[in-house]
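This briefing covers strand pairing and cysteine bonding in one protein chain. Please read it alongside the sequence and the coordinates shown here.

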Amino acid sequence: MNFRGIFLAKCLVVLFSCVKGSTDKAPKVYGIRNDSVFLNIPGFKVEQQQEVSWLKNILPLTKGKGSVVKYYKDKEKYEQFPNGTLKIDHLVEEDSGNYKVTVYNDSGSLQVENNLILSVQEMVTKPEIKWTCSQKSITVTCEVKQKNKPALRLLENNKTLFERQPTDANGIWKIEYQHKAKSRTAKFQCEVKNDVSMKTTDQEIKCSGPLDIILIGSIAGGAVVFVIFLALLIYCIRKKRAERYEEEDEETPMQIRQLSDESKYRELPKTPVHAPQKQPRQQQRPPPQSQTQYQAGPPRPRPRTQQKSPSHMKERP
């Protein structure tokens with residue numbers, strides 16, 4: 001039993017070393033996550049009667065001749081063409097690995113056996129440039145946030161300044177460079193790339209000198225003085241307005257009081273308690289009736305004249 005176990009272990013070691021040696025020399029193919037990739041048979045043209053098989057890590061995927069294909073996995077993900085090319089859709093990181101293709105003729109003899117290494121990666125994100133100014137130098141940082149390790153390079157005016165393996169800090173990859181130059185202004189480019197994509201960011205950096213600091217301080221001081229002056233001006237205007245409103249408020253009740261006094265003087269005098277008794281008015285006689293009214297009534301009889309006696313007539317001489 002021990003000899004059989006040792007023999008099997010040696011066989012496995014030899015098989016693993018053979019497979020490793022073949023995969024180390026295998027060509028690499030890169031795919032973008034959520035995209036598609038085509039795996040071709042390098043240096044071989046498949047004929048119609050030949051049988052093509054694809055495996056991933058010894059697990060069968062497809063087998064077919066021409067347009068007749070048998071699928072061992074999801075048909076929506078894998079597709080084998082008549083020329084033997086294998087298409088993989090909706091790539092994820094789990095699709096990375098070793099893919100083996102074999103070609104047999106009609107008699108069943110092996111014609112081709114090749115291995116391909118597929119690496120599925122995500123596209124890089126846009127990098128960011130940060131800097132810190134000091135009196136003697138400028139510290140420039142180029143960083144990018146992503147899961148897989150990218151390659152970072154820092155350039156000045158399209159000339160490489162700094163390129164090395166970036167350091168990782170919670171998914172943020174970055175490189176730093178100490179730029180020592182007499183000029184306080186420089187233009188930098190940060191380049192990030194992997195096997196499937198590349199992106200670049202440009203940034204012009206201007207660090208202020210001693211004169212600029214004095215100028216900035218003067219402008220800031222002038223701004224502070226202007227703000228104080230404006231605040232005092234507003235305060236004075238409001239104070240004047242408040243005093244004027246107070247004077248108007250004081251004059252208003254005085255005017256109301258004067259008006260009330262004048263209205264008292266204009267009122268009629270009140271009747272005294274012991275008022276003198278009024279004399280009765282004399283009855284006026286009705287006006288004499290006009291002649292027209294008098295004649296309008298019935299005529300009055302005239303008085304009779306007395307006749308003189310005859311004795312009086314005789315005595316007259």
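In this predicted model, strand β16, covering residues 185-193, runs antiparallel to strand β17, covering residues 198-206, and nine bridges join the two. The cysteine bonds come next, since one of them has a partner in β16, and a sheet of six strands closes the account.

**The β16-β17 pair**

- Four residues make up the hairpin connection that leads from β16 to β17.
- Within this pairing, K187 is found opposite E204 of β17.

**Disulfides**

- Two disulfides are found when the whole structure is searched, and, with the bonded cysteines of the protein chain numbered in sequence order, they follow the pairing 1-4, 2-3.
- One of the disulfides is formed by C133 and C207, whose sulfur atoms lie 1.8 Å apart; this pair links distant parts of the chain, with C133 in strand β10 (residues 128-133) and C207 in the loop between β17 and α2 (210-265), 74 residues apart.
- The disulfide of C133 and C207 is left-handed, because the torsion about its S-S bond is about -65°.
- A disulfide also joins C142 to C190, with an S to S distance of 1.4 Å; since C142 belongs to strand β11 (residues 138-145) and C190 to strand β16, the bond ties together parts that are 48 residues apart in sequence.

**Accessibility of the cysteines**

- C133 has a relative accessibility of 36% and therefore counts as partly exposed, whereas its partner C207 is buried, with a relative accessible area of 7%.
- C142 is buried at a relative accessible area of 0%, and C190 is likewise buried, its relative accessible area also being 0%.
- C236 counts as partly exposed because its relative accessibility is 45%, a value that lies between the 20% limit for buried and the 50% limit for exposed residues.

**The six-stranded sheet**

- An open sheet of six strands has the order β1-β9-β8-β3-β4-β5, and its pairing is mixed.
- The edges of this sheet are β1 (28-32) and β5 (68-71); each has a single partner strand, so one side of each is left without a neighbour in the sheet.
- On average, and with direction ignored, neighbouring strands of the sheet are turned by 20° against each other.
- Inside the strand order, β8 (residues 97-104) and β9 (residues 110-121) pair in the antiparallel sense over eight bridges, and V101 stands opposite N114 in β9.

Notes
Residues numbered from 1 in each chain as written. Predicted model: local features only at pLDDT ≥ 70, side-chain atom pairs only at ≥ 80, totals over all residues. Heavy atoms only, no water. Pairing = 2+ DSSP bridges. Disulfide = S-S within 2.5 Å. Buried < 20%, exposed > 50% of the residue type's maximum accessible area, 1.4 Å probe, protein only. Axes fitted to C-alpha atoms, helices over the stretch in contact; angles between N-to-C directions.
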